[in-house]
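Colleague: I would like a close look at a single part of this structure, taken slowly enough for a first-year student to follow. Please take me through it once I have the picture in front of me.

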Amino acid sequence: MATSQLASATLSLEDTIARSVEAIRDEMIAFLQQMVRIPTINPPGENYLACAELIGSKLTEFGYKTSYIQAEGLTENTLAHPRVNVFGQMKGSVPRPSLHFNGHFDVVPVGSGWTVDPFGGEIRDGKLYGRGVSDQKAGIAASIFAIEALRRAGIHLRGTVEQSGSVDEESGGFAGVAYMAQQGWLGKDKNDYVIITEPTNPDCVCLGHRGVYWFKVTTQGRIAHGCMPYFGVSAIDHLTDFLHDVTHELKPELAKRKTAVPVQPPGSRFASINVNSIFGGQPEDGTQTPCVADRSGAIFDRRFLSEESFESVRGEIHAMLESLQAKDPEFQYQLEDLMIVHPVHTDEHCDLVQAISGCVETVFGRKANLTASPGTYDQKHVVRIANVAQCIAYGPGLLNQAHLPDEHCMVEDVVASAKVMAMTAVKLLGVEPVTMVHR
Ligand SMILES: [Zn+2]
């Protein structure tokens, strides 16, 4: 009997939460439209202050202690394009546990192919359109209104809730989440759980992402007259040799390496490499003179799996270059590391994943899909700089809409995700017993 009483009490708390989210859905969607109408395009990082202030004023209105965090000292923080993040904290009756929701409000450039105003926030057939709706202003609206729905239902959380809107995720997050973590706004000394509200599809919980190794290979040759090329050494020929090996040896090898991590889409469960750009010889738009190119190179994007170590990934590239040099002593090269992101993967048995998966099941009536992301996002900074191990991504946006023309998000998904987020906060932070008595 005690068990069934508990079950019915839990069920009615969930019903109360769901009803409260439904009651503020119009307000939530209107706020999302307001955010979408501010074109926070990155690069270069336009209108960040205006969007931070819109989010900040809503947080203040909803009872948070709000702060603005400008990435002072970083070169990308300029007068024309200040890097301004916003942070809000609402203390419960105890400081811990503490749950932090983070969402980035920078959006990628519009691109071509749109049939609606990318900053109009138009709703048609249950879809809200705009650049950055799915990736990921919808997530910011959902987390802010999830907690507000609890407050309006008279549900008082015991622990602390924090919300942040951050910048520059699309360009690496260094002036955003990385900066906030370095300055102590996010960290294991104050936060137990972090939910990044990136688009995962609303019934999916994303546990982490693959690793990234961006590198540049530059080949050196010797200049000579183009009518007597045998007097020179072509750096482009040497680059071609390396590109040949990448395409015909490395790529087939990488296609055999599959991770056990549930990366979505499944095509990204394999290791991969992409040539991002190539250069060499004379600039294509300049006047051409007949010369053997003495410098060439390319920039590569290697995505690696949790099962691969970074040392082995870099070592493999180095060995390919050394082998070319062993065959031809005139093969001169430089290998330069441009960016290294180690894979992150949160334990699916931890409290955060268990709690949010259970709430997804409550709202959707089916088990949550546990996934991992093919690309990286700010989880790397939360895990590596802030040292908060329990970090996941969960948000209403549609992953396959990110960066597309006519980007949109289902209005119903924003509402459903807000319910999941509110229930998760209750599970993780607890509620004051007095609330239960009043109900
Ligand atoms: Zn994003």
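Which domains does the domain assignment of the protein chain give, and which residues belong to each? Please look closely at domain 2.

Modeller: Please keep in mind from the start that this is a predicted model. The domain assignment divides the protein chain into domain 1, with residues 2–209 + 343–438, and domain 2, with residues 211–261 + 269–341. The C-alpha centres of domain 1 and domain 2 are 40 Å apart, and the contact between them takes 5 residues from domain 1 and 6 residues from domain 2. On the side of domain 1 that touches domain 2, the residues divide into 2 nonpolar, 2 polar and 1 charged.

Turning to the sheet, you can trace 4 strands that form an open sheet in the order S10-S11-S9-S12, with antiparallel pairing. Strand S10 (272–280) and strand S12 (332–341) stand at the edges, and because each has a single partner strand, one side of each is left without a neighbour in the sheet. On average, and ignoring direction, neighbouring strands of this sheet are turned by 15° against each other. Strand S9, which covers residues 211–220, is joined to S12 by 9 bridges, and the two run antiparallel; if you look along this pair, you will find Thr219 standing opposite Tyr333 in S12.

Two helices belong to this picture as well. Helix H6 (residues 235–254) packs on the sheet, where it touches S9, S10 and strand S11 (295–304), and its direction makes about 170° with that of S10. Helix H7 (residues 310–327), for its part, lies across S9, S11 and S12, and runs at about 20° to S9.

Two residues let us examine the strands in more detail. Lys216 has its place in strand S9, and it is partly exposed because 16 other C-beta atoms lie within 10 Å, whereas a residue needs 20 or more to be buried and 12 or fewer to be exposed. Leaving aside its neighbours within four places in sequence, Lys216 is in contact with Gly297, Ile299, Glu336 and Leu338. The C-alpha atoms of Lys216 and Glu27 are separated by 48 Å, the two residues being 189 residues apart along the chain.

Val275, in turn, is found in strand S10. Val275 counts as exposed, because it has 12 C-beta neighbours inside 10 Å. With its neighbours within four places in sequence again left aside, Val275 is in contact with Ala298 and Phe300. Between the C-alpha atoms of Val275 and Thr289, which are 14 residues apart along the chain, the separation is 27 Å.

For a comparison from elsewhere in the chain, consider strand S6 (residues 160–166), where 7 of the 7 residues are buried, so that the strand is largely enclosed by the rest of the structure. Both faces of S6 are covered, since Thr160, Glu162, Ser164 and Ser166 on one side are buried, as are Val161, Gln163 and Gly165 on the other. Strand S2 (residues 84–90) is joined to S6 by 5 bridges and runs antiparallel to it, with Glu162 in S6 as the bridge partner of Gln89. Strand S3 (residues 98–104), by contrast, runs parallel to S6 and is joined to it by 7 bridges; there, the bridge partner of Asn102 is Ser164 in S6.

Definitions and conventions:
Residues numbered from 1 in each chain as written. Predicted model: local features only at pLDDT ≥ 70, side-chain atom pairs only at ≥ 80, totals over all residues. Pairing = 2+ DSSP bridges. Axes fitted to C-alpha atoms, helices over the stretch in contact; angles between N-to-C directions. Contact = placed C-beta atoms within 7 Å. Domains from an automatic or database assignment. Nonpolar A, V, L, I, M, F, W, Y, C, P; charged D, E, K, R; others polar.
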